[in-house]
Amino acid sequence: MHESGTGSEAPASGGSGVDPEFLALERELAVFLRRARAQSGEMAREVHPELESAAYGLFVRLDDVGPQRATDLAAYIGVGKATMSRQLRALEDLGLVARDPDPVDGRASLVRLTDEGQGRFRQVRDARRMSYVRKLADWDRAEVAELARLLQHFNVRSA
C-alpha cells in the first residue's frame, strides 16, 4: 500500500472515494495522450504524407530494436495481426519498410526500415527531440532524466 508519509493508512478522498492524486494523474494523462496522438499523426505525415499516425510508433520500434517479425510488432504496439499486416503493407508500398527472410525460421520474415524509411524517420525524430529541448530548456537535466525514468516505469507496468 502506498503511504503518503503522514502515517495515515487511508487515502485522502475528499468524500468521493477516489484519491485526488490519482484523479490529477488521470486528468494530466488524458491531456498528454490527446496531445501525443495529435503529434504522432503530424510526425507520421512528415515522414510521408500518406501515413496514418500509428505508423510513427512502428518506426520508433524498428529504429530502436532493428528488424522484427510482424507478430512481435503487433504484440508490442497492441494491435491484431490483421491490423499490423495492413499497416506494414502500406509502409512497404511506400518503400519505407521491407521484409527479409528470418535467418532462424525461413518460413517467417523480419520487417526492417529501408534506408529511405530510416532517413525520413530520423529527420523527423531529430526535429521532435529538438522541440523537447526547447520546451524543457528551463528544466534541470536531472528533472528530464527523472521524467523519462518515471514514464519508462509507468510504461513497463502498463504493458
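The largest pocket of this predicted model holds about 2,600 Å³ of space. Its lining is made up of 44 residues, and those closest to the pocket centre are Phe32, Arg128, Tyr132, Leu151 and Asn155. Two or more lining residues come from each of α1 (20–47), α2 (54–65), α3 (70–77), α5 (115–135) and α6 (141–158). Among these contributors, α6 provides the largest share, with 12 residues. As for the character of the lining, 25 of its residues are nonpolar, eight are polar and 11 are charged.

Two of the helices that help to line the pocket, α1 and α5, also meet each other, and their packing deserves a look of its own. Two packed helices are described by the angle between their axes and by the distance between those axes. For α1 and α5, the axes come within 8 Å and cross at roughly 140°. The pair is therefore classed as oblique, since an angle has to be over 145 degrees to count as roughly antiparallel. The crossing of α1 and α5 is right-handed.

On the α1 side, the contact is formed by Gln39, Met43, Glu46 and Val47, which meet Arg120, Phe121, Val124, Arg128, Tyr132 and Lys135 of α5. The residues of this contact divide into five nonpolar, one polar and four charged. Readers following the structure may like to pick out Arg128 and Tyr132: both belong to the α5 side of the contact with α1, and both are also among the residues closest to the centre of the largest pocket.

How values were computed. Residues numbered from 1 in each chain as written. Predicted model: local features only at pLDDT ≥ 70, side-chain atom pairs only at ≥ 80, totals over all residues. Heavy atoms only, no water. 1 Å grid on protein atoms, 1.4 Å probe; cavity = no way out; pocket = protein on both sides within 12 Å on 5 of 7 lines; lining within 4 Å. Points joined across faces, edges and corners; volume = space filled by probe spheres on them. Helix = DSSP H or I, 4+ residues; strand = E, 2+ residues; numbered from the N terminus. Nonpolar A, V, L, I, M, F, W, Y, C, P; charged D, E, K, R; others polar. Axes fitted to C-alpha atoms, helices over the stretch in contact; angles between N-to-C directions. Parallel < 35°, antiparallel > 145°, perpendicular 65-115°, else oblique. Left-handed = near helix turned anticlockwise from the far one by under 90°. Contact = heavy atoms within 4.5 Å.
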